[in-house]
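Please open the model in your viewer and keep the selection panel at hand. The tour goes from a sheet to charged pairs and then to enclosed and open spaces.

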Amino acid sequence: METQIHEIPTQNEQKKEAIIEINDLQKSFGKNDVLKGVNLKVFKGEDVVVLGRSGSGKSITIKCLVGLVKPDKGELKVFGEDIVNYNLEELNAVRVKIGFLFQSAALYDSMSVRQNLAFILQRHRKDLSAAEMKSEIMDVLESVGLEEAVDKMPSELSGGMKKRIGLARTLILKPEIILYDEPTTGLDTITSKEISDLILDIKHKRKTTSIIITHDMDCAKRTADRIVMLKDGVIHTEGTYDELAKSEDEWVNAFFK
Amino acid sequence: MIYATYNHYLNLIILIVYLKNKFEAIGDVTLFSWRFFKELFVPPYELKEFFKQCYIIGYKSLPLVVITGFIMGLVLTLQSRPTLVSFGAESWLPGMVGLSLIREIAPVITALICAGKISSGIGAELGSMKVTEQIDAMEVSAINPYNYLVVTRVLATTLMIPILVIFADAVGIFGGYVGMNIHSKITLYRYLAQVFDSLEFLDIIPATIKTFFFGFFVGMIGCYEGYNASNGTASVGRAANSAVVTASLIIFIIDMIAVQITDLFF
């Protein structure tokens with residue numbers, strides 16, 4: 001039995017500004033139809049967690065939002081503008097407002113932590129002096145609690161530290177939207193909790209809107225304002241953690257056991 | 001009879017699929033290379049990365065190129081000497097060594113060494129960046145990874161390999177001088193005078209021009225293979241290996257074309 005807990009937006013949601021709007025998003029790789037018509041609205045200041053089995057197209061959905069994957073069909077509205085047919089220049093103007101934390105953190109391994117952060121600032125904040133740039137880097141490292149790692153190389157960092165520095169790199173341009181691709185994967189329970197708390201902290205301090213792809217139910221519980229569940233290339237159901245935890249749908253229930 | 005016909009058609013289909021894949025690959029490399037010329041003059045100019053690559057590709061390859069160049073000159077002299085002596089033409093040895101090195105051996109061997117060292121290095125580096133999503137990370141940060149990674153490396157190989165070839169020429173000629181002095185006595189001044197007497201300006205120009213093409217393709221093939229590595233660590237090794245094989249083959253093809261053109265016009 002499929003549940004559709006939030007099928008009709010509440011009056012409150014209708015009044016809120018949808019900062020991301022995905023309509024009928026479809027994507028295939030050869031004969032494999034990954035996304036078969038995803039519809040999703042994310043409202044300003046909201047943290048939406050996307051759950052689903054591996055290979056269900058969760059990461060592809062957020063990669064479409066930053067133009068890393070071109071959808072076959074559908075509409076992707078970010079800040080009210082459909083970005084599907086944007087050229088590179090237009091897409092880049094949107095990308096600077098979106099932070100993306102990769103599953104592997106994707107730190108540039110030939111650069112130190114400082115260089116990883118400066119690499120982006122030097123290209124997008126040319127108005128900053130060297131001292132201001134240094135201060136921005138230290139500020140963002142302070143917000144992830146890793147000022148002491150500024151001169152370390154990525155190979156000297158633990159998995160949790162890499163995720164934090166990856167997060168610092170996404171925050172350096174002060175994005176309005178942050179997309180997290182499995183932020184706690186491969187981390188121990190304590191570090192996973194720290195990362196989940198950091199996500200919440202960033203949301204409260206920076207007033208960001210986020211989509212969090214995860215398999216970690218503890219992370220989902222801590223961070224989600226709303227959870228959407230992806231099954232067979234479409235949104236199967238959505239609701240708050242508590243609502244979904246009580247669902248009678250066997251497939252939904254399997255995630256919350 | 002039916003079995004033979006079946007086999008004939010099967011071989012034909014395999015050949016067609018093979019050729020189709022090869023033509024597709026050539027098309028992909030051409031488009032990838034065309035993008036280089038489109039983005040070469042588009043800001044931002046990544047000068048710091050370009051100079052870093054010049055240092056890595058040029059300066060760090062210099063010892064290998066110098067040692068190889070010296071051995072090439074020495075061995076070429078020692079191997080050619082007995083034949084020339086038997087014709088009483090030992091005095092032609094410096095000229096022959098200089099001409100062979102400058103026109104053919106130094107450019108091709110240096111380019112092949114660079115294909116092995118530089119092209120594979122670039123292929124592995126970019127391949128590993130691709131599979132660990134570092135290239136995607138640049139893209140989502142609104143930084144053009146092609147401009148930062150490909151343009152700088154290809155430009156550096158295009159400019160550095162001709163310089164490395166000049167070093168290989170010079171050291172190779174000196175290696176020839178050492179080789180001459182193993183069996184007979186000749187002063188450096190006289191040896192060099194004989195080398196440069198037999199050389200014309202037109203020997204140097206086509207040989208130098210082709211080294212720019214060698215450099216371009218050594219960088220471009222390494223970048224293409226790395227940039228297009230599929231996901232998975234095994235593809236990093238494949239990218240490095242494929243970069244060396246393809247770049248080496250292209251060096252020989254360019255050399256063959258260069259010789260034909262030189263024959264036509266010089």
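How many bridges join S1(A) to S4(A), and do these strands run parallel or antiparallel? Select both strands: 5 bridges join S1(A) to S4(A), and the two run antiparallel. Before going further, note that this is a predicted model, in which local features need pLDDT of at least 70 and side-chain atom pairs count only at pLDDT 80 or more, while totals for chains, interfaces and linings use all residues. Residues are numbered from 1 along each chain as its sequence is written, chains are lettered from A and ligands numbered from 1 in the order in which they are written, and side-chain values use heavy atoms, with hydrogens and water left out.

**The sheet in chain A**

Helices (H or I, at least four residues) and strands (E, at least two) are DSSP runs numbered from the N terminus, and two strands pair if DSSP finds at least two bridges between them. Extend the selection to the open sheet of 4 strands in chain A, whose order is S2-S1-S4-S5 with antiparallel pairing. Strand S2 (32–43) and strand S5 (81–82) of chain A stand at the edges with a single partner strand each, so one side of each is left without a neighbour in the sheet.

Between S1(A) and S4(A), label A:Asn23, whose bridge partner in S4(A) is A:Glu75, and then A:Glu21, whose bridge partner in S4(A) is A:Lys77. Moving on to S5(A), you will find that 2 bridges join S4(A) to S5(A), again in an antiparallel run, and that A:Val78 has A:Glu81 as its bridge partner in S5(A). The hairpin of these two strands, S4(A) and S5(A), has 2 residues between the strands, and there A:Phe79 takes a positive phi near 55°.

Now add helix H2 (residues 58–65) of chain A, which lies across S1, S2 and S4 of chain A and runs at about 120° to S1(A). Contact here means heavy atoms within 4.5 Å, and the axes are lines fitted to C-alpha atoms, for helices over the stretch in contact, with angles from 0 to 180 degrees between N-to-C directions.

**Charged pairs**

Side chains of opposite charge can pair when their charged atoms come close. With a salt bridge taken as a side-chain nitrogen of Lys or Arg within 4 Å of a carboxyl oxygen of Asp or Glu, the count comes to 23 over all chains.

Staying with the sheet, show the side chains of A:Asp24 and A:Lys73, which meet in a salt bridge (3.6 Å, N to O). The pair links distant parts of the chain, with A:Asp24 in strand S1 (residues 18–29) and A:Lys73 in strand S4 (residues 73–78) of chain A, 49 residues apart. Relative accessible area is labelled buried under 20%, exposed over 50% and partly exposed in between (1.4 Å probe, protein chains only); A:Asp24 counts as partly exposed at 29%, and A:Lys73 counts as partly exposed at 48%.

Next select A:Glu238 and A:Arg226, whose side chains meet in a salt bridge (2.7 Å, N to O). A:Glu238 belongs to strand S10 (residues 234–239) and A:Arg226 to strand S9 (residues 226–231) of chain A, 12 residues apart. Both A:Glu238 and A:Arg226 are buried, and adding A:Glu46 shows a network of salt bridges that links A:Glu46, A:Arg226 and A:Glu238.

In chain B, pick B:Lys210 and B:Glu104, which form a salt bridge with the closest N and O atoms 3.3 Å apart. B:Lys210 lies in helix H8 (residues 201–227) and B:Glu104 in helix H4 (residues 93–131) of chain B, so the pair ties together parts that are 106 residues apart in sequence. B:Lys210 is buried at 5% relative accessible area, whereas B:Glu104 is partly exposed at 28%.

**Pocket and cavity**

On a 1 Å grid over the protein atoms alone, a cavity is a set of points where a 1.4 Å probe fits but cannot get out, and a pocket is an open set with protein on both sides within 12 Å along at least five of seven lines; lining residues have an atom within 4 Å of a point. Grid points are joined across faces, edges and corners, and a volume is the space filled by probe spheres set on the points.

The largest pocket holds about 800 Å³ of space. Select B:Phe217, B:Ile221, B:Thr246, B:Ile250 and B:Ile253, which are the closest to its centre of the 26 residues that line it. H9(B) gives the most to this lining, with 10 residues.

Finally, about 130 Å³ of space lies in the largest cavity. Of the 14 residues that line it, the closest to its centre are A:Ile98, A:Gly99, A:Arg169, A:Thr170 and B:Ser141.
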